[in-house]
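Visitor: Could you take one spot in this protein and go over it closely with me? After that, I'd like to hear about some other places worth a look.

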Amino acid sequence: MQHSSHSESAVAQSRRLVIKVGSSLVTNEGKGIDLDAVEQWATQIAQLHAQGKQLVLVSSGAIAEGMARLGWPRRPKAMNELQAAAAVGQMGLIQAYEVAFARHGVRTAQILLTHEDLADRHRYLNARGTINTLLDLGVVPIVNENDTVVTDEIRVGDNDTLGALVTNLIEAETLIILTDQAGLYSADPRSNPDAQFISLGQAGDPTLEAMAGGSGSNIGTGGMITKILAAKRAAQSGGHTIIASGREQQVLSRLSQGERIGTELRATLPVRSARQRWLVDQLRVRGRVSLDEGAVRALVDGHKSLLPVGVTHVEGEFDRGDVVACVDKHGVEYARGLINYSSDDTRRIMGQPSHLINELLGSEHDTELIHRNNMVFPRSAPDQD
């Protein structure tokens, strides 16, 4: 982890960017859409667009705008009321962006996603194809979580994470997270006068997560921990992350000129294949299989496929082709992958040698529970993938 650097901002060299703007920056601290702020973002993004950069905007603010339009003074807790507020607010949010970008001759498109769209392989590929086509057409896609239909089961949860998922989806070089803080500090500067500002670090550095304490600093919706974890996720596709204050004058334009603003978290992790990124980006697995020590060693050290003989316990209900986590006896996840068997069949063959599978299930089947090619290792141990 470094605290200062004279190197050029990653934005200057990036052709494809994902820009996430926090809710407080577009809704005047929750009072409803701030049209002046939206105009400023559109102006800066249009400047980058004119430089030949491809840009995706991930914008919060729909629920806050819906509450303002409906005259609700407090954020509702009931899911159906939140969904109603989001539905009303999306109209205002997209209308504001469309008008602001049109002044600069830039076309926009609305993309609403849920985690379910990204968890399903076919829908994931369709979403990637749609966004790539829009970018090739010179359009700026505006992405948000589809709060009008989302439930806890299919929720991404926050737009920092959504920004990282979109970064991986389209293989953007840089994710810019604009918030109401200057960037990352070694401690909370509001309570610790010795807190040091971190201008440069490595995405995935565990000391950053430790500094955030796992709970963030209550900034925006996600807190600082979600931004650190988003940077780690974006690094899976080689994407750098910049966390900067959206209150900085002309922040996007200055970043694109190479000026260093905020905290830049460099991607230094090995870049995964598109299929591996899709697997590791599954925020919710369908089930878990517990492995004995020999099976854990075979996966991690031996780079082997998972065989039924190493499984000691099956948790959850899942179908063939679902994403399942592989954990040790303490519940620590070492891998996840596309399983070749349903949960019922996995329970029937667990602990058994592969040559007995056909006899136990009554027909020809795969010898592997999860093939090596359909597996990823989210944990960042040095001896892992």
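Guide: Let's start at Arg348: if you set aside its neighbours within four places in sequence, Arg348 is in contact with Leu360 and Leu361. Keep in mind as we go that this is a predicted model. Arg348 belongs to helix 14, which runs over residues 343–349. One of those two leucines gets a polar contact too: a polar atom of the Arg348 side chain lies 3.1 Å from the backbone oxygen of Leu360. As for Leu361, its C-alpha atom is 7.8 Å from that of Arg348, with the two positions 13 residues apart along the chain. Is Arg348 buried, exposed or partly exposed? The relative accessible area of Arg348 is 47%, so Arg348 counts as partly exposed.

His104 also counts as partly exposed, because its relative accessibility is 33%. You'll find His104 in the loop between helix 5 (79–102) and strand 3 (108–113). Beyond four places in sequence, His104 has contacts with Glu39, Ala42, Thr43 and Ala46. Two of these residues come up again as side-chain partners: the side chain of His104 makes a polar contact of 3.3 Å with that of Glu39, and another of 3.1 Å with the side chain of Thr43. For a backbone view, the C-alpha atoms of His104 and Ala50 are 9.7 Å apart, although 54 residues separate them along the chain.

Now for a residue on the buried side. Glu264 has a relative accessible area of 3%, so Glu264 is buried. Its place is in strand 10, residues 263–266. What does the side chain of Glu264 pair with? A polar atom of that side chain lies 3.2 Å from the backbone nitrogen of Ala10, and the side chains of Glu264 and Arg266 are joined by a polar contact of 2.7 Å. Not counting residues up to four places away, Glu264 touches Ser9, Ala10, Ser199, Leu200, Gly201, Thr241 and Ile242.

Next comes helix 8. This helix covers residues 159–170, 12 residues in total, and from its first C-alpha to its last it reaches 16 Å, close to the 16 Å expected at 1.5 Å a residue. Helix 8 is largely enclosed by the rest of the structure, because 12 of its 12 residues are buried. Its N-terminal end is capped by Asp158, with a side-chain oxygen 3.0 Å from the backbone nitrogen of Asp160. Just after the helix, Glu171 takes a positive phi of about 55°.

Helix 8 also takes us to an annotation. In an unreviewed entry, UniProt lists Ser60, Asp147 and Asn159 under "binding site". These residues are spread over 100 residues of sequence but cluster in space, with a largest C-alpha distance of 11.4 Å. Asn159 is in helix 8 and counts as buried, because its relative accessibility is 8%. Ser60 is in the loop between strand 2 (54–59) and helix 4 (62–70), and with a relative accessible area of 10% Ser60 is buried. How far apart are the polar atoms that link the side chains of Asn159 and Ser60? That polar contact is 2.9 Å. Leaving out sequence neighbours within four places, the residues in contact with Ser60 include Lys20, Leu93 and Asn144, while those touching Asn159 include Lys20, Val58 and Asn144.

Lys20 turns up in another "binding site" annotation from the unreviewed UniProt entry, where Thr179, Asp180, Thr221, Gly222 and Gly223 are also among the residues covered. Take some care there: pLDDT stays under 50 over residues 214–222, for which the model has 17 contacts beyond four places in sequence. Where pLDDT is low, the predicted coordinates should not be read in detail. Gly223 is found in helix 10, residues 223–234, and is buried, with a relative accessible area of 2%. Residues 1–6 also have pLDDT under 50. For the protein as a whole, the mean pLDDT is 85, and 89% of the residues reach 70 or more.

Stepping back, the protein has 15 helices and 15 strands, and buried residues make up 52% of its 385 residues.

Terms used:
Residues numbered from 1 in each chain as written. Predicted model: local features only at pLDDT ≥ 70, side-chain atom pairs only at ≥ 80, totals over all residues. Heavy atoms only, no water. pLDDT = per-residue confidence, 0-100. Contact = heavy atoms within 4.5 Å. Helix = DSSP H or I, 4+ residues; strand = E, 2+ residues; numbered from the N terminus. Buried < 20%, exposed > 50% of the residue type's maximum accessible area, 1.4 Å probe, protein only. Polar contact = N/O pair within 3.5 Å; in protein donor to acceptor, adjacent residues only side chain to side chain. UniProt positions renumbered as here; feature names shortened; annotations may be inferred. Expected span 1.5 Å × (residues − 1).
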